[in-house]
Amino acid sequence: MRLVIAGGHGKIALHLTGLAADRGDTVIGIVRNPEHVNDIRDRGGDGVVLDLETATAEQVAAVLAGADAVVFAAGAGPGSGIPRKDTVDRAAAVLTAEATQVAEVRRYLQISAMGLGRASDDEVFSAYLAAKDAAERDLRDRDLDWTILRPGRLSDDPPTGRVSLAESVSPGVVSRADVAAVVVALLDEPATARLTLELVGGDVPVAQAVAAVS
């Protein structure tokens, strides 16, 4: 599989790159900072420098051309303000989905978040939730074999290989490494297209959890 990851230097993306490359997939990570390319190469992938906040759909599509699947794993990250929640978590996601269609790639997985409908007194966090929600709504209207994955609270704990995955799960924590393993399994299963799934740590092996929702 040729896999392109938007937001290729994120923690989930780097785990995903390593897992996919280790099994023989070709992985390309889109990054904004040229200094991040070597970190992707260290995991067995390669990097393309492109700023998703300023690029056109055609520029992104040129990177996606020939891919078997695209994963949107970008995010403005902690410490970013309201404007970048919109330009990255919403607009860059919309741009990448549009570029996927321009490049005539069918399979697309978007990493979102649980609890998008919750209320928050934090204006920045509310903007983040609104941006993720808007990106999801845009994607559902597109003619793509999309999957939306909503992890719970993320940790940097070692992978357990066991999760809880369904259309709705109780709030909880999941390691970024386990999220990456679930992404690989979802991409391998065409029957998970057009599903929105929530994910937290649990007791079910990843392959079994994905099979159960397929």
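The questions and answers below concern a predicted model.

Me: Which helix gives the most residues to the lining of the largest pocket?
Reply: The largest pocket has a volume of about 1,300 Å³, and 45 residues line it. α1, β2 (26–31), α4 (82–102), α5 (123–140) and β7 (153–155) each supply at least two of the lining residues. The most, five residues, come from α4.

Me: By class, how many residues in the lining of the largest pocket are nonpolar, polar and charged?
Reply: Ala73, Ala74, Gly75, Ala76 and Gly77 are the lining residues nearest the pocket centre. Alanine counts as nonpolar and glycine as polar. Over the whole lining the classes are 21 nonpolar, 13 polar and eleven charged.

Me: How far apart are the end C-alpha atoms of α4, and what span should its residues give?
Reply: α4 has 21 residues, and at 1.5 Å a residue these should span 30 Å. The helix does carry a kink of about 35°, centred on alanine 91. The expected span nevertheless agrees with the end-to-end C-alpha distance, which is 29 Å.

Me: What covers the buried residues of α4?
Reply: The buried residues of α4 include Lys85, Val88, Asp89, Ala92 and Leu95. Residues three or four places apart in an α-helix point the same way, because there are 3.6 residues a turn. Among the elements covering the buried residues of α4 are β1 (2–6), α3 (57–64), β4 (69–72), β5 (107–111) and α5.

Me: Where is glutamate 104, and is it buried or exposed?
Reply: Glutamate 104 comes just after α4, in the loop between α4 and β5. Although not a glycine, glutamate 104 has a positive phi of about 60°. Most residues other than glycine have a negative phi. With a relative accessibility of 71%, where over 50% is needed, glutamate 104 is exposed.

Me: What is the phi of arginine 194, and what does its relative accessibility make it?
Reply: Arginine 194 is in the loop between α6 (176–188) and β10 (195–201). Its phi is positive, about 65°, and it is not a glycine. Because its relative accessibility is 42%, arginine 194 counts as partly exposed.

Me: How far apart in space are arginine 137 and valine 94, C-alpha to C-alpha?
Reply: Arginine 137 is in helix α5 and is partly exposed, at 47% relative accessibility. Valine 94 is one of the buried residues of α4. The two are 43 residues apart in sequence. Their C-alpha atoms are separated by 9.7 Å.

Me: Which elements are among those covering the buried residues of α5?
Reply: α5 has 18 residues and reaches 26 Å from first C-alpha to last, close to the expected 26 Å. Its buried residues are Ala127, Leu129, Ala131, Lys132, Ala134, Ala135, Glu136 and Leu139. The cover over them includes α4, β5 and β6 (145–151).

Me: Is leucine 14 buried or exposed, and which residues does it touch?
Reply: Leucine 14 lies in helix α1 (residues 11–22). Its relative accessible area is 11%, and the cut-off for buried is under 20%, so leucine 14 is buried. Its C-alpha atom is 9.7 Å from that of arginine 41, 27 residues away along the chain. Leaving out residues up to four places away in sequence, leucine 14 touches Gly8, His9, Asp39, Ile40 and Arg43.

Definitions and conventions:
Residues are numbered from 1 along each chain as its sequence is written. This is a predicted model: local features need pLDDT of at least 70, side-chain atom pairs count only at pLDDT 80 or more; totals for chains, interfaces and linings use all residues. Side-chain values use heavy atoms; hydrogens and water are left out. Helices (H or I, at least four residues) and strands (E, at least two) are DSSP runs, numbered from the N terminus. Buried means under 20% relative accessible area, exposed over 50%, partly exposed in between (1.4 Å probe, protein chains only). Contact means heavy atoms within 4.5 Å. On a 1 Å grid over the protein atoms alone, a cavity is a set of points where a 1.4 Å probe fits but cannot get out, and a pocket is an open set with protein on both sides within 12 Å along at least five of seven lines; lining residues have an atom within 4 Å of a point. Grid points are joined across faces, edges and corners, and a volume is the space filled by probe spheres set on the points. The expected span of a helix is 1.5 Å times one less than its number of residues. The bend at a residue is the angle between axes fitted to the seven residues ending there and the seven starting there.
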